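Reader: I am in my first year and would like a close look at one part of this protein, its nonpolar interior. Could you take me through that part slowly, and then through the spaces and unusual backbone places in the rest of the chain?

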Amino acid sequence: MRLVVPLRGIVGGRGGLILGTFVPCALFCYLHIRRLRFLATRRVSERAEPIAKAEESPYYVGLGRVSQDPFDEVANPNGIIQLGLSENRLCLDLIEEWLSENLTGAMIGHGGDKRHLGIGGITGYQPHDGVTELKEAMAGFMSQVMGGEISFDPSRIVLTAGATPAIEILCYCLADPGDAFLVPTPYYPGFDRDMTWRTGVELIPVHCHGADNFILSIAALQQAFNQARKRGQRVQGILISNPSNPVGNLLPQKTLHDILDFARKKNIHIISDEIFAGSIHGNEEFFSLAKILDAENFDKSRAHILYGLSKDLSLAGFRVGVIYSYNDDVLAAAKKLTRFSSVSAPTQRLLISLLSDTSFIGRYLETNRKRIRKMYDIFVSGLKEIGVKYVDSSGGLYCWVDMSGLMHSHSVKEELELWDKLLNVAKVNATPGSACHSIEPGWFRCCFTTLSEGNIRIAIERIRKVAEMHKSSR
């Protein structure tokens, strides 16, 4: 009534009482609705809010642009050529051939086969961390990839739905929110997302330099470790990529020894990402962390290997990752955490047969390495023709390219302007070094295993046009 009386006085007349009653009710409803709308605008939790925001990294921006305007020789010849995605399509013909001959038998077996499971073998619940038969097949496959010099224990394998949940689970097991991992640069841009989003851990870049062929030094590790301690940050481990992504070089045996010794002294863990171990195409010798540990008397409980089938076996869509840990406590926790990222039963049954076919796997690995090398040679030959430098590499599906000669100044700003010109003018998507935390502006990661020979030449011609534009603008 306190509101009605003054409003009646303002409105006046016989309708004052009615309006004086209606207006405050309407005002109340209006304010209530506004409050509900305000609350409705916040549709996610504080944890999810930064994740829900649009990706700002050029790596993800480039991938998004290609998905909207993908190059196709016939359907879209003016589309964007993809050099930003590390995917291998060079041996899909071999995979298709094997699947056409073995798919049904691999999934449910044959009537006379002692392993015949019928449809029930792929429709029921399976162990979240992978069935024993697939772990055994995976151990054999990993050994075959490493040249048969290393034996892997199936009981130390945890299978996940891709390498992304594998590395997230390892971070969850090894560090608490606010703890940190030392990561040599340049590194794969996805680590910023995969390792931190849900675990709350932080990544500390350990800068490597072109003058040292971007090989990690213990001095750089020590400096990064000391600076973290001064900030009150607890370092829980080191993440190394071997072969390196994006550089493509291999860690020397002595460097691996030194890293293990450093980890022992600092009482921290090592995660060795070896997802490109079967994609070695050069003359350098690859040393798995497992090989070093087998040969030397190191504390194995702080060592963990990351692997998967997306790169070496061209099965990115199958979503199969591997945690290989020497730490029993990590294995116990990781097995339970795979409840949220288990590999599907049909995929597991199919892979048991595929990975157990050692004759096919041997032929595939040999052919794959040859085809990667051929495409690498074609790509770098084109770079030489247009006067663009690069790092000689022996592993991976990419090339680390120095395009600083196409920049007016050595700055991140200039690098990103060049990236934008490549993407939107030349219609080529390459990953700029700043997205990989490189401190030397001008480097780009260029992936070449999604293209045909002809398409690589088209990409080189488009880069050439950018180089000519740079020369004419001097």
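Author:

**The nonpolar core and what surrounds it**

In this predicted model, the largest nonpolar core has 76 residues, and those with the most contacts inside it are M138, F141, F152, L182, L309, L313 and L355. Helix α7, which covers residues 132-145, gives the largest share of this core, namely seven residues. Domain 1 (52-92 + 368-473) and domain 2 (113-361) both contribute residues to the core, so it lies between them. In soluble globular proteins, nonpolar side chains tend to be buried together.

M138 is a good residue to follow by eye. If its neighbours within four places in sequence are left aside, M138 is in contact with I157, L159, L309, V320, V322 and L355. Of these partners, L309 and L355 are also listed among the residues with the most contacts inside the largest core. A second core, separate from the one just described, has 44 residues, and F276, I372, Y398 and A430 are among them.

It helps to set these cores against the whole chain. The protein has 474 residues, and buried residues make up 51% of them. Its secondary structure comes to 17 helices and 13 strands. If one takes the contacts between residues at least 6 apart in sequence, 74% of them join residues at least 24 apart.

Helix α4 (residues 58-68) shows how one element packs against others. Its buried residues are P58, Y59, Y60, G62 and V66, and these pack against β1 (81-82), α9 (191-194), α16 (412-424), β11 (428-429), β12 (431-432) and β13 (443-447). Within helix α16 sits L416, which counts as partly exposed because its relative accessibility is 30%, a value between the 20% limit for buried and the 50% limit for exposed. Apart from neighbours within four places in sequence, L416 is in contact with P58, P432 and S434; P58 is itself one of the buried residues of α4. The C-alpha atoms of L416 and A435 are separated by 9.6 Å, although these two residues are 19 apart along the chain.

Next come the enclosed spaces. There are two cavities of 30 Å³ or more, and the largest has a volume of about 170 Å³. It is lined by 17 residues, of which P184, F214, S241, S244 and L251 are the closest to its centre. Strands β3 (180-184) and β5 (235-241) each supply at least two residues of this lining, and β5 gives the most, with three residues. By class, the lining of the largest cavity has twelve nonpolar, five polar and no charged residues.

The second largest cavity has a volume of about 30 Å³ and is lined by L260, R264, F298, D299 and R302. The residues of this second lining divide into two nonpolar, no polar and three charged.

The largest pocket, by contrast with a cavity, is an open space, and about 490 Å³ lies in it. Of the 21 residues that line this pocket, the closest to its centre are T164, Y188, I275, S310 and K311, while the elements that give two or more residues to the lining are α8 (163-174) and α9. The lining of the pocket has ten nonpolar, four polar and seven charged residues. Each of domain 1 (52-92 + 368-473) and domain 2 (113-361) provides at least three residues of this lining, just as both domains give residues to the largest core.

Finally, a few places in the backbone deserve a careful look. Most residues other than glycine have a negative phi, and most peptide bonds are trans. The peptide bond from T185 to P186, however, is cis, with omega near -5°, and P186 lies in the loop between β3 and α9. Another cis peptide bond joins N242 and P243, with omega about 0°, and P243 has its place in the loop between β5 and α11 (253-266).

Positive phi values occur as well. N213 is not a glycine, yet its phi is positive at about 60°; this residue is found in the loop between β4 (202-206) and α10 (218-230) and is partly exposed, with a relative accessible area of 33%. K427, also not a glycine, has a positive phi of about 60°, and its place is in the loop between α16 and β11.

Note on methods. Residues numbered from 1 in each chain as written. Predicted model: local features only at pLDDT ≥ 70, side-chain atom pairs only at ≥ 80, totals over all residues. Heavy atoms only, no water. Buried < 20%, exposed > 50% of the residue type's maximum accessible area, 1.4 Å probe, protein only. Helix = DSSP H or I, 4+ residues; strand = E, 2+ residues; numbered from the N terminus. Contact = heavy atoms within 4.5 Å. 1 Å grid on protein atoms, 1.4 Å probe; cavity = no way out; pocket = protein on both sides within 12 Å on 5 of 7 lines; lining within 4 Å. Points joined across faces, edges and corners; volume = space filled by probe spheres on them. Nonpolar A, V, L, I, M, F, W, Y, C, P; charged D, E, K, R; others polar. Core = buried A, V, L, I, M, F, W, Y, C linked by side-chain atoms within 4.5 Å. Domains from an automatic or database assignment.
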